[in-house]
Amino acid sequence: MTPRWLRTDSRIEYGADYNPEQWPREVWDDDVRAMREAGVTIVSLAIFSWARIEPADGRYDFAWLDEVMDLLHANGISVDLATATASPPPWLTTAHPEILPVNHEGQILWQGGRQHWRPTSPVFREYALRLVRTMAQRYADHPALVAWHVSNELGCHNIYDYSDDAAQAFRVWLRNRYGTVEALNEAWGTAFWAQRYGEWDEILPPRLAASFPNPTQQFDFKRFSSDVLKDYLRAEREILRELTPDVPVTTNFMVMGETKGMNYADWAAEVDFVSNDHYRLPGAQSLDELSFSANLTGNLAGGRPWFLMEHSTSAVNWQPVNLAKRPGELSRDALTHVAHGADAVCYFQWRQSRAGAEKYHSGMVPHAGTDSQLFRDVVALGSRLRELSYVQGRRRTPAKAAILFDWESWWASEQDSHPTELLKYKQEALDWYTTFLDLGVRVDVLPASASFDGYDLIVAPILHVMPSSLASRLTSFVEGGGHLVATYFSGIVDENDHIWLGGYPGPLRDLLGVRIEEFAPLLEGDTVALSDGLEGTLWSDRIDLIDPATEVLATYKTGDYAGRPAVTRRAAGAGSASYVSTKLAPNALAPLLKDLAGRAGVVSELPSELRGRVELTVREGVRFVVNRTDEQLDISSLGGPETTLAARGVAVLPA
């Protein structure tokens, strides 16, 4: 049986990406001394080292890496060793330019940045897997090695490749999915616009076209692109498992922001433990998005420990304006991930670079060196994590409410030629999450494929893609006593992106007790007033009730559908199904969600004075209380040993 976690002692791991090849040899000794001072227990090594490890075809230089591995081990620091395949060296792209990716306009993406390789290139795979095998053979028995790190951020820059290699692989993927060209024509609706295919070789990726490319072709290409990278992950993993069966294998996901090309719910079973990279994005919901992503990552991991592979100590370098973190945020951000199940907390990177594209990206050791407030904060966090070692291995305690998150609905709902281009799938889910936090109610962010057992309330924002099997699961959930909240543009298409006919929301019509003949998206800046005093944006629906027992919780007060239902609820079996037909901001969602959650028996576990001001997360007998404000809070009502919580602080209390 493959291992599920690092080969280390029971502790919360702490560290960073370490790139010693960027520095003279004499700096390495300073590095490990400072690592020990900071409490670093693990580093990710060799992530972008292919050109240094293999400076020419088949010629290897491991002397420097051997020395670094030995130095780290001698200082009690474990290594999560990367396979170094993330970015091919210039000699390889010069000899084989056919491995370079091609964008949808037919432009080659040349070397000079990173991740300049085609996921479908057999030539790239040959060279990359040769390197993986060589690395595994050399370091299989090294005592510092505790995990393998496949590539790095797979798909960050090369998720969509439209090359001839991709076209050939896409046809193979489609043949496996559909079996016959006739079945593909049916699934893609090629009777429209004379797109019918007669042979597999006629099919291409959705390259730049004169008008909207076929929607199901686009949808399948997104599925294919995720699957191809997953297959590449498997290829590296199988070599590592063959040669080092006792060393766990992972790769760093990017559950954050608008990164959506990889279906991580589908990938999670391919690694021995889930790892994630997360970076804060500016805006009012910045901390909430961090919590949302950590929550989702914890549920992708199935409640088991997961590895925060990268985040930032302070500013990043790739946003339009890169803000430094405020006092307390370094620790709060890290501990929020721990609260949601992370048992390893690492940064990009250990020492801030002096050259290169990321030289303005913060590190654990900044340009100012160890005599800096940032490094003192790094040392303080290391001490705090050592104190929290007893938390390691404790599973997340599920909430009673969940928000469903579905990558395929994310992909399909935001495609072109839709009722509106203003719709943002993740933003809708995040707004519901913020509202739960504002109410002080714990909620899990759950992949739509996960079990619904144990949940009393499920919110399904823009669950646009609705296979009949998912509709059946939701119906069974409600009839068994669960309470469902669905939103606009849900239940619209099947797995082939075909409309469910007969009126929206397709297979959810009977469950919700509503039928919609026509959408009424709103222009940017337009609003509709609701009878309960709330205000909607983005979307509205022409709703008819098809079950007289369906309760109308709010009607439209203005707009073309004034007087018609806007928010409904229908009792079904032992549960209920509600429908919200417009976009409500978190402050407007709060009274509605409070009402719907209360009817479902889902309430806050926090004292009233702390609701909305802190986030509560529970890991098997331990409560994490995260201060969402910039004020010191009195938390004596929580009954723990700590009575005050600093601005942007985190308290860890017995449950």
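# Touring a predicted model

Visitor: How much space lies in the largest pocket?
Guide: This is a predicted model, so take the value as computed from it. The largest pocket has 25 residues along its lining. The space in the largest pocket comes to about 740 Å³.

Visitor: Which helix gives the most to the lining of the largest pocket?
Guide: Nearest the centre of that pocket lie Q22, F48, S87, G113 and R114. Among the helices and strands, the top contribution to the lining is 3 residues. They come from helix α2, residues 50-53.

Visitor: And closed spaces: how many cavities of 30 Å³ or more does a search of the whole structure find?
Guide: Rolling a probe the size of a water molecule over the atoms shows where empty space is left. The largest cavity here holds about 130 Å³. With 30 Å³ as the lower limit, the search of the whole structure turns up 5 cavities.

Visitor: Which element supplies the largest share of the lining of the largest cavity?
Guide: The largest cavity is lined by 18 residues, and R442, V443, E615, L616 and T617 are the closest to its centre. Both α14 (425-439) and β21 (614-619) supply at least two residues of that lining. The largest share is 5 residues, and it belongs to β21.

Visitor: Let's go to the sheet. In what order do its 9 strands run?
Guide: Strands of a sheet pair through backbone hydrogen bonds, either parallel or antiparallel. In this open sheet the pairing is parallel. The order is β5-β4-β3-β2-β1-β9-β8-β7-β6.

Visitor: Which strands stand at the edges of that sheet?
Guide: An edge strand here has a single partner, so one side of it is left without a neighbour in the sheet. That goes for residues 249-250 and for residues 252-253. The two strands are β5 and β6.

Visitor: Which residue in β9 stands opposite F307?
Guide: β8 (residues 306-310) and β9 (residues 342-347) run parallel, with 3 bridges joining them. Opposite F307, in β9, stands A344.

Visitor: What about β7: which residue in β8 is the bridge partner of N276?
Guide: β7 and β8 also run parallel, joined by 3 bridges. For N276, the bridge partner in β8 is L308.

Visitor: How many residues of β8 are buried?
Guide: A residue counts as buried when its relative accessible area is under 20%. β8 is mostly covered by that standard. The count of buried residues is 5 of its 5.

Visitor: Is A342 buried or exposed?
Guide: A342 is found in strand β9. Its C-alpha atom is separated by 26 Å from that of T370, 28 residues apart along the chain. With a relative accessible area of 0%, A342 is buried.

Visitor: Time for charges. How many salt bridges does the structure hold?
Guide: Side chains of opposite charge can pair when their charged atoms come close. One of the pairs is E517 with R515, at 3.6 Å from N to O. Both are partly exposed, E517 at 42% and R515 at 30%. Over the structure, the number of salt bridges is 46.

Visitor: How far apart are the closest N and O atoms of E270 and R234?
Guide: E270 sits in the loop between α9 (264-267) and β7 (275-277), while R234 is in helix α8, 36 residues apart. E270 is buried at 10% relative accessibility, whereas R234, at 31%, is partly exposed. In their salt bridge, the closest N and O atoms are 2.9 Å apart.

Visitor: Which residue forms a salt bridge with R241?
Guide: R241 belongs to helix α8 and its partner to the loop between α9 and β7, so the pair ties together parts 31 residues apart in sequence. R241 is partly exposed, with 22% relative accessibility. The partner is buried, at 1%. The closest N and O atoms are 2.6 Å apart, and the partner is D272.

Visitor: Last stop, the surface. Which residues make the nonpolar patch of about 370 Å²?
Guide: One member, F192, is found in the loop between α7 (181-188) and α8 (215-243). F192 is exposed, at 53% relative accessible area. The patch is made by F192, W193 and F212.

Notes. Residues are numbered from 1 along each chain as its sequence is written. This is a predicted model: local features need pLDDT of at least 70, side-chain atom pairs count only at pLDDT 80 or more; totals for chains, interfaces and linings use all residues. Side-chain values use heavy atoms; hydrogens and water are left out. Patches are made of residues with over 30% relative accessible area and no salt bridge: like charges are joined within 9 Å, nonpolar side chains (Val, Leu, Ile, Met, Phe, Trp, Tyr) within 5 Å. Accessible areas come from the Shrake-Rupley method with a 1.4 Å probe; for residues, only the protein chains shown count as cover. A salt bridge is a side-chain nitrogen of Lys or Arg within 4 Å of a carboxyl oxygen of Asp or Glu. Helices (H or I, at least four residues) and strands (E, at least two) are DSSP runs, numbered from the N terminus. Buried means under 20% relative accessible area, exposed over 50%, partly exposed in between (1.4 Å probe, protein chains only). Two strands pair if DSSP finds at least two bridges between them. On a 1 Å grid over the protein atoms alone, a cavity is a set of points where a 1.4 Å probe fits but cannot get out, and a pocket is an open set with protein on both sides within 12 Å along at least five of seven lines; lining residues have an atom within 4 Å of a point. Grid points are joined across faces, edges and corners, and a volume is the space filled by probe spheres set on the points.
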